[in-house]
Amino acid sequence: MPLHIEKGDITTYPTDAIVNAANRTLLGGGGVDGAIHRAAGPELLEECKTLGGCETGEAKITKGYRLPAKYVIHTPGPIWYGGTRGEAERLCASYYNSLRLAEEHDCASVAFPSISTGVYHFPLDLAAPIALETILSFLETAKCVRDVTMVCFDDKTLAAYEKALQALQGK
């Protein structure tokens, strides 16, 4: 199967691209964003400064610098406000636009974190099926992207994605 779910540290994945759950400034932050910036080195921040930020649900790409990944795709996911402000659609857009950018840059392998489920408080049980449905749907017509890994930071996140995948496969 071209979709894998693993527990791990996304900064160690030797994929063509890793996705950064960024904030809209793209200038680094906490969680996975801070970890990616630390691992990539100061050159990543310097390139991000030239991008002029990024809107929620959109995506921008930079080099990977000191990371084992060739590229970093930055996407600001939505902040959870109870589900009444288009959060689900914006989360779907973050995954889709990241994959579209990977495709445009001839990336065969992509690693994702769980976007918006940390400090942005998007409920894991709602985010996981949105992420997986979007990825699987994209893979059906992808010309270049062949391998996607959901890299889960902890056991709780891993369990949520495994459960969501089982539910999708049961449909």
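In this predicted model, the largest nonpolar core holds 39 residues, and those that touch the most other members are Tyr95, Phe112, Leu132, Ile135, Val145, Met150 and Tyr161. At least two residues of this core are supplied by each of S1, S2, S4, helix H3 (87-104), strand S5 (109-112), helix H4 (124-141), strand S6 (147-152) and helix H5 (155-169), and the largest share, nine residues, comes from H4. Tyr95 can serve as an entry point for inspection: leaving aside residues up to four places away in sequence, Tyr95 touches Phe112, Pro113, Ser114, Ile115, Ala131, Thr134, Ile135, Met150 and Tyr161. A second core, separate from the one just described, has 15 residues, including Ile36, Leu44, Cys48 and Cys54. In soluble globular proteins, nonpolar side chains tend to be buried together.

From the cores one can turn to the secondary structure, which comprises five helices and six strands and which, read along the sequence, follows the pattern β-β-α-α-β-β-α-β-α-β-α. The six strands form an open sheet of mixed pairing, in the order S1-S6-S5-S2-S4-S3. Strand S1 (3-7) and strand S3 (60-63) stand at the edges, and because each has a single partner strand, one side of each is left without a neighbour in the sheet. From one strand to the next, the twist averages 25°.

Strands of a sheet pair through backbone hydrogen bonds, either parallel or antiparallel. At the S3 edge, the pairing of S3 with strand S4 (residues 71-76) is in the antiparallel sense and extends over four bridges, with Ile61 standing opposite Ile73 in S4. Helix H2 (residues 42-49) packs on the sheet, where it touches S3 and S4, and the direction of H2 makes about 140° with that of S3. Helix H1 (residues 31-40), for its part, lies across strand S2 (17-22) and S4, and runs at about 130° to S2.

The overall dimensions complete the picture. A compact globule of 171 residues would have a radius of gyration near 16 Å, and the protein, with 15 Å, therefore agrees with that expectation; along its principal axes, the C-alpha trace spans about 45 × 35 × 30 Å. Of the 171 residues, 50% count as buried, while the protein exposes about 8200 Å², of which carbon and sulfur atoms supply 53%. Among the contacts with a separation of 6 or more, 68% are accounted for by residues 24 or more positions apart.

Terms used
Residues are numbered from 1 along each chain as its sequence is written. This is a predicted model: local features need pLDDT of at least 70, side-chain atom pairs count only at pLDDT 80 or more; totals for chains, interfaces and linings use all residues. Side-chain values use heavy atoms; hydrogens and water are left out. Two strands pair if DSSP finds at least two bridges between them. Axes are lines fitted to C-alpha atoms, for helices over the stretch in contact, and angles run from 0 to 180 degrees between N-to-C directions. Contact means heavy atoms within 4.5 Å. The radius of gyration is taken over C-alpha atoms; the globule rule is 2.2 Å times the number of residues to the power 0.38. Buried means under 20% relative accessible area, exposed over 50%, partly exposed in between (1.4 Å probe, protein chains only). Accessible areas come from the Shrake-Rupley method with a 1.4 Å probe; for residues, only the protein chains shown count as cover. A nonpolar core is a set of buried Ala, Val, Leu, Ile, Met, Phe, Trp, Tyr and Cys residues joined through side-chain atoms within 4.5 Å.
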